[in-house]
Amino acid sequence: MSGRLVSLNVGGPRDVAWEGKTVRTAIWKTEVEGPRMVRRINIDGDDQADRLAHGGEHRAVFVYQLGSYRYWERELGRDDFTHGQFGENFTVEGLADDEVCIGDRYRIGEALFEVTQPRVTCYRVGIRFELAAMPSLLVAHHRPGFYLRVLEEGSVQAGDAIEKVADGPERLTVADTDALLYLPGKSPARLERALRIPALSEGWKGSFRDLLAKAEDHTDPTPAWAGFMELRVAEVRPESASVTSFRLVPEDGSEARPAAAPGQYLTLRLRSGANALVRSYSLSDVPGQQGFRVSVKRDGAASRYLHEQVKVGDVLDVAAPRGAFVLRAGTRPVVLVSAGVGATPVLAMLHALAREHSTRSVWWLHGARNRAEHAFHDEADALLGALEDAHRVVAYSRPGPEDALGADYDVAGRLDLGVLEHAGVPVDADYYLCGPAEFMSAIEVALGAYGVAPERISTEAFGAVAIRASGIVKDGDRQPHAPDGGAGTGPTVTFVRSSLAIPWDDRYPNLLDFAEACDVPVGFGCRNGVCHNCESGLLTGDVTYDIEPLEPPPAGRVLVCCTRPGSEVTLDL
Ligand SMILES: NC(=O)C1=CN([C@@H]2O[C@H](COP(=O)(O)OP(=O)(O)OC[C@H]3O[C@@H](n4cnc5c(N)ncnc54)[C@H](OP(=O)(O)O)[C@@H]3O)[C@@H](O)[C@H]2O)C=CC1
């Protein structure tokens, strides 16, 4: 016998008041008597509040061990735990996290189970324990607990013996798998080992694939310079009726240019302080001896300022290139899909492909209203002409009477699934999308219908994009705003993507809570500095950490869930 099922616990979602918010959670589980059916998705009577983070076939049953109960009672000096305390469905004797391996199979009662992944660290366990640091402690002390997939459904009850019936391949324990995701020292060999385990859940496989790609990407992610640097405007050039390009060079006229990956953006500070005007603009070519080029459509306060006020010779404060929307190396075909001024980052990619005389098949799909609104027409054609295997589809949604079909544009109407199909765009390509929000969602849906795998599609969305807030129940969608209840007196916090600059307020425990009070979209998971879901760009300023993160973020990045500003800060949020 490997162990014993001590208690079977179930529970459904409930709303809990927590730090002024309402959180929907099913972490409260209650011990039940007698047998229960365990099905592929759930135990009868059990449910999850947040199906994206919990539950589903890979996470049907959560297991926690009595050995860890005793450990935490000693460690935290508590004696108030009841079965289900850790949100687990099965409280078990035996089956320690440093012994059980991913892929191990167990028979309990009539049902057969397989170990799929450790617990996803989540702030709700901190709510349940009334101890905010609990998610971080579970990881730091290597006692996460684990999930089971149900291979054979059946009836199970407390007291049942737990029999191990098969060993998982690679012998990677739950504790080691958890450390591989959340703790420093990620060895590529170990990541590859984890990826060879068929039973590992798809979510964890995806995270390990991303970590492996990062480990194999030797480009330095550190921004080329800290904070803002003065750059001089060397050229101002209209590209269309509404788009103008600005070329920026270092003030000292030096020839050496820090590199940027094609697809990245620059952040310009046009005014600082409480009236800050700070915006990010994609680079529209590959920086070189000519400096950096950004191309801006006139449509808001900052772009109006650039179009109306900024002249050759002016000096602007500019933060170093940043961004993860970059051209991936390889030999696959590349499909660059853009609309309007969304062409800018993919045009930089086209420049990079032309510069390296790429032999990849390159597709340029662009939507504009008409020739007058169509920026970079000749430039893109020249770059495509220099490539060995290039294809162009330009769609005009409202062509003018002078616009020539076949020369200026190729299709009348919008880019859509029909256009993709007619052009015969390759399905196995790397796709890069940028443009208005509705355009991007429409094209993503079309690409899905066309058979393109989601991991082949990269998107760039500027402006405050909606980010799923794990389990927080919100009253409605508000635009970013100063927090209700008056302004603070601390240093200015600038949220670049949300176009908001407001004084920090000490009423808030950290920058994440402050951002949420302002309805600034921001992702999070553990709220404990463990999962890095809240990791954001820190363009300027210093922060102090409330909870020291288990793995610090790279230079120029910050975990907003556990930091307060130490000075004026500029965040890429
Ligand atoms: N790095 C980044 O993240 C960048 C992002 N952007 C984003 O790109 C946007 C570009 O907008 P802008 O230049 O004003 O674009 P426009 O409003 O000028 O639209 C450009 C073209 O896209 C078409 N279009 C709009 N919606 C769809 C759709 N759902 N499906 C297919 N085609 C569509 C329009 O057709 P119609 O005439 O029928 O409306 C038009 O032909 C900006 O708002 C910005 O948010 C821009 C630059 C960089």
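This is a short walk through the structure above, from its domains down to a few single residues. Please keep in mind that the model is predicted.

Let us begin with the overall division. The domain assignment splits the chain into domain 1 (3-216), domain 2 (228-322), domain 3 (334-460) and domain 4 (472-571). Look next at where domain 2 meets domain 3. Their centres, taken over C-alpha atoms, are separated by 24 Å. At the meeting place, 14 residues of domain 2 are in contact with 15 residues of domain 3. The side that domain 2 offers to domain 3 is made up of 5 nonpolar, 6 polar and 3 charged residues.

Now find strand 10, residues 146-152. Is this strand mostly covered or mostly open? Strand 10 is mostly covered, with 5 of its 7 residues buried. Two other strands pair with it. Strand 6 (residues 61-65) runs antiparallel to strand 10 and is joined to it by 3 bridges; here Val-63 has Phe-146 as its bridge partner. Strand 9 (residues 111-118) also pairs with strand 10 in the antiparallel sense, over 6 bridges. In strand 10, Arg-149 is the residue that stands opposite Glu-114.

Further along the chain there is an open sheet of 6 strands, ordered 22-21-20-19-23-24 and paired in parallel. Its edges are strand 22 (411-412) and strand 24 (457-460), each of which pairs on one side only. If you start from the strand 24 edge, you meet strand 23 (residues 430-434), which runs parallel to strand 24 and is joined to it by 4 bridges. Within that pairing, Leu-433 has Thr-459 of strand 24 as its bridge partner.

A helix accompanies this sheet. Helix 8 (residues 343-355) lies across strand 19 (334-339), strand 20 (361-368), strand 23 and strand 24, and it runs at about 150 degrees to strand 19.

What lies in the nonpolar interior? The largest nonpolar core has 89 residues, and those touching the most other members are Leu-266, Val-335, Leu-336, Val-337, Leu-350, Ala-515 and Val-560. Helix 8 gives this core its largest share, 7 residues. A second, separate core of 57 residues includes Val-61, Leu-112, Val-125 and Ala-158. To see the surroundings of one member of the largest core, pick out Leu-336: leaving aside neighbours within four places in sequence, its contacts are Val-346, Met-349, Leu-350, Trp-363, Trp-364, Leu-365 and Tyr-432.

Finally, visit three loop residues. Asn-370 is found in the loop between strand 20 and helix 9 (377-385). Is Asn-370 buried or partly exposed? Asn-370 is partly exposed, because 18 other C-beta atoms lie within 10 Å, while a buried residue would need 20 or more. Beyond its neighbours within four places in sequence, Asn-370 is in contact with Tyr-396, Arg-398, Pro-399, Gly-400 and Asp-403.

Glu-170 sits in the loop between strand 12 (161-166) and helix 4 (174-182). Although Glu-170 is not a glycine, its phi is positive, at about 75 degrees. With 19 C-beta neighbours inside 10 Å, Glu-170 counts as partly exposed. His-532 belongs to the loop between helix 12 (511-517) and strand 28 (535-540). The phi of His-532 is positive too, near 65 degrees, in a residue other than glycine. His-532 is partly exposed, with 19 other C-beta atoms within 10 Å.

Methods. Residues are numbered from 1 along each chain as its sequence is written. This is a predicted model: local features need pLDDT of at least 70, side-chain atom pairs count only at pLDDT 80 or more; totals for chains, interfaces and linings use all residues. A residue is buried if 20 or more other C-beta atoms lie within 10 Å of its own, exposed if 12 or fewer, and partly exposed in between; C-beta atoms are placed from the backbone. Two strands pair if DSSP finds at least two bridges between them. Two residues are in contact if their C-beta atoms, placed from the backbone, lie within 7 Å. Axes are lines fitted to C-alpha atoms, for helices over the stretch in contact, and angles run from 0 to 180 degrees between N-to-C directions. A nonpolar core is a set of buried Ala, Val, Leu, Ile, Met, Phe, Trp, Tyr and Cys residues joined through C-beta atoms within 7 Å. Domain bounds come from an automatic or database domain assignment. Ala, Val, Leu, Ile, Met, Phe, Trp, Tyr, Cys and Pro count as nonpolar, Asp, Glu, Lys and Arg as charged, and the others, Gly among them, as polar.
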